[in-house]
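This report goes through selected features of one model, from packing to metal sites and charged pairs. The sequence and coordinates come first.

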Amino acid sequence: MADIDTRDLSFDEFDEVISPRPEENDFDRIVESAISRRGFLGGVLAFGSFTALGTSLVPTGAKASDGRFAFTQIPTSTADDVIVPEGYKSEMLVRWGDPLWSDVPEFDDSTRGTADSQARAFGDNTDGMDVFSHDGKTLLVVNNEYTNRDIIALSAEDKRIMAEDDIAKGMMAHGISVVEIANDGGTWKIVKDSPYNRRITPQSEMELTGPAAGHDLMKTEADPTGTKSLGTWNNCGNGVTPWGTYLTCEENFNGYFSAPENPDREVSPELARYGVSATDWGYNWAVIEDRYDVSKHPNEPNRAGYVVEIDPTDPTSTPKKRTALGRFKHENAEAVVNNDGRIVVYMGDDERGEFVYRYVSNGVYAPGAPTDELLNDGILYVAKFSDNGTGAWVALTPETTGMDQAEIHIHTRQAGSKVGATTMDRPEWISANPKAPEIYCCLTNNKKRGVKPNAGGDDTSVNGPNPREKNNYGQIVRWRPDGGDHTAPGFTWDLYVLAGNPTVHSDAYAGSANINEENMFNSPDGLAFDSNGLVWIQTDGNYKNEGDFAGQGNNQMLAGDPVTGEIRRFMVGPNECEITGLTWSPDRRTMFVGIQHPGERGNSHWPAGGASVPRSAIIAVTREDGGLVG
Ligand code: FEO
Ligand code: CA
Ligand code: CA
């Protein structure tokens, strides 16, 4: 500094000289704007740069006061087990391969089932889920996002080509499981043979609805009308509607398409934006079904990447793909009823540098009135965040994008790029605070932030809600619609938390002021508010427990207080799992939590232990005193 006359420098240049690491400059700039916006947090700054602010203004995770938390924070863990706080217990509800009907054989570790048994058993890799009360019954609806081929398919050991039954078995482990559950003497169990039990798989008929239905880009040899497609897969997060249906979100649909006979075939730029190519992820579905061969059926991928509405109370109902909500790698779909009765759905596109969306229905919801058009007829918007803490929703219309209406709902990413949407650090779950008009969104991580553009060529330099280059820890952004109106054109935003590791870093990568050595984590992903207004955060992060992630252990679930910013760790999962999916029993005395892909790298035998096959599962967490858990 001694050699430089700072009076000659602009503000920006001044920052450059004082803090030569560019990521710190940008972060501090964002923090500066946040300081002028303390009102958002009721006078408390919930995040800050350690270098810029020095001290925390937020209560930290392990203080003696219980605040709004009815549990004592647990430490990180690297045990191959589920850990919950003292006074709580976890029990098994349902595992991958558990039969939903009594004529289906029990899961067999030595074979891991067949395509036929899997089609009538609980699917693999549990993700988003919800519970519905209907006619005195409790129905659990669960996404089965994907499979780990090395676990489900013995023939995958060859790594190149799987036996056809293994390919089909993997396919049938995808989709959705609907299963009745009942509390039997204090323990929740699945009800085999319930008339509500259902598997929805890549083989189930779907109806295409909304602006894209019937468009030429949706037509295939098997469906010249462009209104009926077969199946749903890679169902990630979920949502529920106020009228009691389930929304399942098609995320990484692209990796199932390939061109086995034309491996050098190039796909269109429109498909390339979504990551479709002649090479799949090894699922080999095109080997057993032509429709997954993109060289033969180039429109087939246009029929995936949607939010699908399912009526869990009618096992004969046809799921409806709601193209009005756009086509991208849908994480979840958080639906709220606006004050005027319109339905607003917030959605993220989980890919590096992709966008956050909002759908607003044209019609209003009236309990008992028809609801079918509420998710067909509306306007799709994309978010633009400004560094000054404000933001705007830009409508995706023929006028703003130069695309026709159907195309906007098929090539939604391209529409977002055309209006200059803000590139985000992989938007995962979005959840609405039931106690305030505010929305939280996990931005899980983005190692390419500031390094390379997104798949559409959009700039991904650091920006307001994505303030760190090569962001390997993630953050949670939240926004408040102007005037508390979810249909308003504008909003204000701030960061609820920047995840980080204060034992390794002392700059922005240490995390925000509400992160400390005791509660640290990386890669927030699942997110859900409980009825009491606490926000539950689930991680899908790096569990190697060394380097940048030293001391962070296995993936975990934490609870956060939206007002004070305090965050506490509630649960740690078994080895190599992701914690994802969270819902509650109707009496709020049981919390159902999803444990996805334990042992994805071969190092877990959860839940059975010994030499058993690791199995994705849903656990039921209760208080030992039978109290409320959310
Ligand atoms: Fe399926 Fe973005 O997580
Ligand atoms: Ca996720
Ligand atoms: Ca994730």
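## Helix 6 and its surroundings

The buried residues of helix 6 pack against helix 4 (115–119), helix 5 (149–152), strand 6 (198–200) and helix 8 (285–288). These contacts, like everything below, come from a predicted model. Which residues of helix 6 are buried? They are Asp166, Ile167, Ala168, Lys169, Gly170, Met171 and Met172. Because seven of the nine residues in helix 6 (residues 164–172) are buried, the helix is largely enclosed by the rest of the structure.

## Two calcium ions

The calcium ion (ligand 2) and the calcium ion (ligand 3) lie 4.0 Å apart, and Glu428 coordinates both.

For the calcium ion (ligand 2), the protein donors are Glu331 (OE), Glu428 (OE), Asp525 (OD) and Asp525 (OD), at 2.3 to 2.7 Å from the ion. Along the chain, these donors follow the spacing E-x96-E-x96-D. Glu331 belongs to strand 13 (residues 330–337) and Glu428 to strand 18 (residues 427–432), so this pair ties together parts that are 97 residues apart in sequence. Glu331 and Glu428 are both buried.

For the calcium ion (ligand 3), the protein donors are Glu428 (OE), Asp525 (OD) and Asp540 (OD), lying 2.3 to 2.4 Å from the ion. The spacing of its donor residues in sequence is E-x96-D-x14-D. Asp525 is in strand 22 (residues 524–529), while Asp540 is in the loop between strand 23 (535–539) and strand 24 (556–560), so the pair ties together parts that are 15 residues apart in sequence. Asp525 is buried, with 3% relative accessibility. Asp540, at 26% relative accessibility, is partly exposed.

## The sheet that carries Asp525

Strand 22, which contains Asp525, is part of an open sheet of four strands in the order 22-23-24-25, with antiparallel pairing. Strand 22 and strand 25 (567–572) are the edge strands; each has a single partner strand, so one side of each is left without a neighbour in the sheet. From one strand to the next, the twist averages 25°.

Within this sheet, strand 23 and strand 24 run antiparallel and are joined by four bridges. Trp536 stands opposite Ala559 of strand 24.

## Salt bridges

How many salt bridges does the structure hold? There are 32. Three of the pairs are listed here with their N to O distances.

| Salt bridge | N to O distance |
|---|---|
| Lys219 and Asp216 | 2.9 Å |
| Asp340 and Arg342 | 2.9 Å |
| Arg426 and Glu428 | 3.4 Å |

The surroundings of these pairs can be read from the accessibility of each partner. In the Lys219 and Asp216 pair, Lys219 is partly exposed at 31% relative accessibility, and Asp216 is exposed at 54%. In the Asp340 and Arg342 pair, Asp340 is partly exposed with a relative accessible area of 38%, and Arg342 is partly exposed as well, at 26%. Arg426 and Glu428 are both buried. Glu428 thus appears in two settings: this residue forms a salt bridge with Arg426, and Glu428 also coordinates the two calcium ions (ligand 2 and ligand 3).

Some charged side chains are joined beyond a single pair. Which residues are linked in a network of salt bridges? Arg273, Lys329, Asp349, Glu351, Glu354, Arg413 and Asp458 are linked in this way.

## Cysteines

The structure holds zero disulfides. Why does Cys442 form no such bond? The cysteine sulfur closest to that of Cys442 is in Cys441, and at 6.8 Å it is too far for a bond. Cys442 is also buried, with a relative accessible area of 0%. Another cysteine, Cys577, counts as buried at 0% relative accessibility.

Note on methods:
Residues numbered from 1 in each chain as written. Chains lettered and ligands numbered in written order. Predicted model: local features only at pLDDT ≥ 70, side-chain atom pairs only at ≥ 80, totals over all residues. Heavy atoms only, no water. Salt bridge = Lys/Arg side-chain N within 4 Å of Asp/Glu carboxyl O. Buried < 20%, exposed > 50% of the residue type's maximum accessible area, 1.4 Å probe, protein only. Donors = N, O, S within 2.8 Å, 3.2 Å for Na, K, Ca; no water. Helix = DSSP H or I, 4+ residues; strand = E, 2+ residues; numbered from the N terminus. Pairing = 2+ DSSP bridges. Axes fitted to C-alpha atoms, helices over the stretch in contact; angles between N-to-C directions. Disulfide = S-S within 2.5 Å. Contact = heavy atoms within 4.5 Å.
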